[in-house]
Amino acid sequence: MSKVDVVLGTFYGDEGKGKIIDYLSENADASIRCSGGNNAGHTINVNGKKFAFHLIPSGILNSNTKAIIGNGVVIDPKVLIEEIEELKKNGYSVDNLYISDKAHIIMPYHIMMDKLQEELRAENKIGTTARGIGPAYSDKYERSGIRVEDFISDKFESIAKENIAKKNKIFKMYQKEELNAEETIEQYKKYAQYLKKYVVDSVDMLHNLLEENKNIVCEGAQATLLDIDFGNYPFVTSSNPTIGGVMTGTGIGPKYIGEVYGVLKAYSSKVGEGMYITEQDNEIGDTIRELGHEYGTTTKRPRRCGWLDLVALKYAARLNGLTGLAINHVDTIGKLDKIKLCVAYEYEGQRTMRFSTNNEYLKKCVPVYEEFDGNFGDISNIKRREDLPENAKKYLDRIEEIVNVPIKFIGTGADRNDMIIVD
Ligand code: GDP
Ligand code: IMO
Ligand code: MG
């Protein structure tokens with residue numbers, strides 16, 4: 001029986017998960033997304049052409065890889081259809097796409113509610129992507145969500161009608177424009193008709209593939225510190241992007257989990273509000289943002305940038321049981337003269353490796369930095385770790401030493417081939 005190799009974000013998202021998944025998918029029979037929705041933006045650069053996937057698993061570019069949207073995902077059908085059409089326009093067949101019958105649908109009222117909730121939070125806003133993610137997951141757990149199997153069935157109209165009527169009462173109360181039920185239902189029936197042919201029983205499909213000894217990779221979205229349980233609550237997303245979400249979001253037990261790769265950048269970034277103690281809200285952060293092109297794939301917002309935080313990384317390694325690290329943007333950090341690495345926190349005068357998402361605790365923590373020399377030069381053509389410049393080796397060795405998880409992938413540029421695969 002084969003196992004599922006997993007790719008997860010270790011920090012606040014946008015670590016380059018898409019690129020690692022694209023590489024692993026080359027030899028995979030299936031690649032599955034397990035959580036989140038189109039709040040995700042996973043970029044892959046192929047021969048100068050940039051693909052940004054929000055819902056479709058990044059494995060889709062390999063036509064031999066089945067690309068499955070798992071049951072844990074929330075799907076905006078409009079966005080999914082746009083993505084399918086964009087791929088077709090670029091000459092890709094989308095015949096290898098499969099959608100779980102148990103995934104949930106994002107309706108327009110979820111997006112309207114997301115925006116309304118942010119408005120009501122005022123100065124305490126989370127900085128969501130405004131894609132309706134939180135409200136869609138809330139409805140799922142409240143048991144009024146619309147699953148894909150209902151979306152493509154005759155039941156859709158009556159469920160949607162009832163839901164829209166309820167949501168409109170809320171919009172009315174806040175003097176917001178209401179949703180036109182008839183128009184919405186008609187439009188969404190068309191979307192359902194379009195997507196119907198891709199719908200499968202993904203749990204059965206996945207287990208059949210496992211029994212056939214097929215190679216499967218799971219594409220995490222978002223990241224550990226955005227996890228609803230383990231992240232920096234309330235500045236989190238509404239799902240579990242950590243390892244547990246892989247199991248509930250696909251329908252596999254722990255014995256089917258193989259490698260668990262934690263993706264990080266050689267620095268760090270975050271979009272949205274909340275604590276981020278290695279943030280460099282200064283010239284250094286601005287320089288990293290420009291060198292790494294750190295602007296959101298989904299919302300185009302400038303990302304907050306700072307140094308790599310090994311206390312947080314160790315937390316991600318523990319929580320997810322990481323078996324390997326994938327470090328991207330080593331080329332980017334290597335453009336600086338001096339690099340700082342947060343190797344511990346100082347809490348009430350004591351050095352500690354304890355990470356907690358408790359804001360009161362974090363506020364009192366002061367990062368302890370070690371300084372490294374940069375100026376790595378052009379490393380994009382290097383294919384072996386031992387051929388990297390000494391400065392890069394020292395930096396990577398120290399990360400590995402402190403986190404105690406082996407580095408398996410080293411990102412040396414944005415292109416899909418700009419990567420060192422460590423034996
Ligand atoms: P994801 O959401 O984790 O898949 O990451 P995003 O795609 O949102 O953001 C990662 C960004 O970094 C994208 O623009 C990638 O093209 C880019 N990228 C990934 N790895 C590297 C790398 O090693 N070097 C450089 N320069 N860019 C990279
Ligand atoms: P990928 O998969 C970066 C952030 C949002 C916001 C918070 C809640 O590309 O790494 P939400 O819309 O989910 O309710 O917003 O989570 N966020 C992400 N940040 N990368 C992502 O995905 C993200 N998905 C959500 O910016 O702070
Ligand atoms: Mg992203």
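Colleague: What makes Asp-331 a polar contact of ligand 1?

Modeller: In this predicted model, a polar atom in the side chain of Asp-331 is 2.8 Å from a nitrogen atom of ligand 1. A polar contact is a pair of N or O atoms within 3.5 Å, so this pair qualifies. Gly-41 also qualifies, through a polar backbone atom that is 2.8 Å from an oxygen atom of ligand 1. For Thr-332, a side-chain N or O atom is 3.5 Å from a nitrogen atom of the ligand, and 3.5 Å is the cut-off itself. The protein buries 93% of the 590 Å² that ligand 1 exposes when taken alone.

Colleague: Which residues surround ligand 1, and of what class are they?

Modeller: There are 20 of them, and the closest are Lys-17, Gly-41, Thr-43, His-329 and Asp-331. The shell has 13 polar, six charged and one nonpolar residue. At least two residues of the shell come from each of α1, β3 and α12 (330-333).

Colleague: How do you know that α1 is mostly covered?

Modeller: Eight of its nine residues are buried, Lys-17 and Ser-25 among them. Buried here means under 20% relative accessible area.

Colleague: What makes Asp-14 and Gly-41 donors to the magnesium ion?

Modeller: Asp-14 (OD) and Gly-41 (O) coordinate the magnesium ion, ligand 3, at 2.0 to 2.1 Å. The limit for this metal is 2.8 Å, so both atoms count. The two residues are 27 places apart in the chain. Asp-14 is in the loop between β1 (4-9) and α1 (17-25), and Gly-41 is in the loop between β2 (30-33) and β3 (42-46).

Colleague: Why is Asp-14 called partly exposed, and why is Gly-41 called buried?

Modeller: Asp-14 has a relative accessibility of 24%, which is neither under 20% nor over 50%, so it is partly exposed. Gly-41 has 9%, which is under 20%, so it is buried.

Colleague: How do you know that ligand 2 has polar contacts with His-42 and Thr-237?

Modeller: An N or O atom in the side chain of His-42 is 2.7 Å from an oxygen atom of ligand 2. For Thr-237 the value is 2.6 Å, again to an oxygen atom of ligand 2. A polar side-chain atom of Arg-301 lies 3.0 Å from an oxygen atom of the ligand. The cut-off is 3.5 Å, so these pairs are polar contacts. On its own, ligand 2 has 550 Å² of accessible area, and the protein covers 98% of that. The shell of ligand 2 holds seven nonpolar, 10 polar and three charged residues.

Colleague: Why is Arg-303 called buried?

Modeller: Its relative accessible area is 6%, under the 20% limit, so Arg-303 is buried. Arg-303 sits in the loop between α10 (283-291) and β13 (304-306). The side chains of Arg-303 and Glu-294 share a polar contact of 2.6 Å. Arg-303 also touches residues including Asp-14, Lys-265 and Tyr-295.

Colleague: Why is Gly-127 called buried?

Modeller: Its relative accessible area of 14% is under 20%, so Gly-127 is buried too. Gly-127 lies in the loop between α3 (108-121) and α4 (133-142). Beyond its neighbours within four places in sequence, Gly-127 is in contact with Glu-118, Gly-272, Glu-273 and Arg-301. Arg-301 is also the residue with a polar side-chain atom 3.0 Å from an oxygen atom of ligand 2.

Methods:
Residues are numbered from 1 along each chain as its sequence is written. Chains are lettered from A and ligands numbered from 1 in the order in which they are written. This is a predicted model: local features need pLDDT of at least 70, side-chain atom pairs count only at pLDDT 80 or more; totals for chains, interfaces and linings use all residues. Side-chain values use heavy atoms; hydrogens and water are left out. A polar contact is a pair of N or O atoms within 3.5 Å; within protein, one must be able to donate a hydrogen and the other to accept it, and residues adjacent in sequence count only if both atoms are side-chain atoms. Accessible areas come from the Shrake-Rupley method with a 1.4 Å probe; for residues, only the protein chains shown count as cover. Ala, Val, Leu, Ile, Met, Phe, Trp, Tyr, Cys and Pro count as nonpolar, Asp, Glu, Lys and Arg as charged, and the others, Gly among them, as polar. Helices (H or I, at least four residues) and strands (E, at least two) are DSSP runs, numbered from the N terminus. Buried means under 20% relative accessible area, exposed over 50%, partly exposed in between (1.4 Å probe, protein chains only). Contact means heavy atoms within 4.5 Å. Donors are N, O and S atoms within 2.8 Å of the metal (3.2 Å for Na, K and Ca); water is not among the atoms, so sites may look incomplete. A residue is near a molecule or strand if one of its heavy atoms lies within 4 Å of it.
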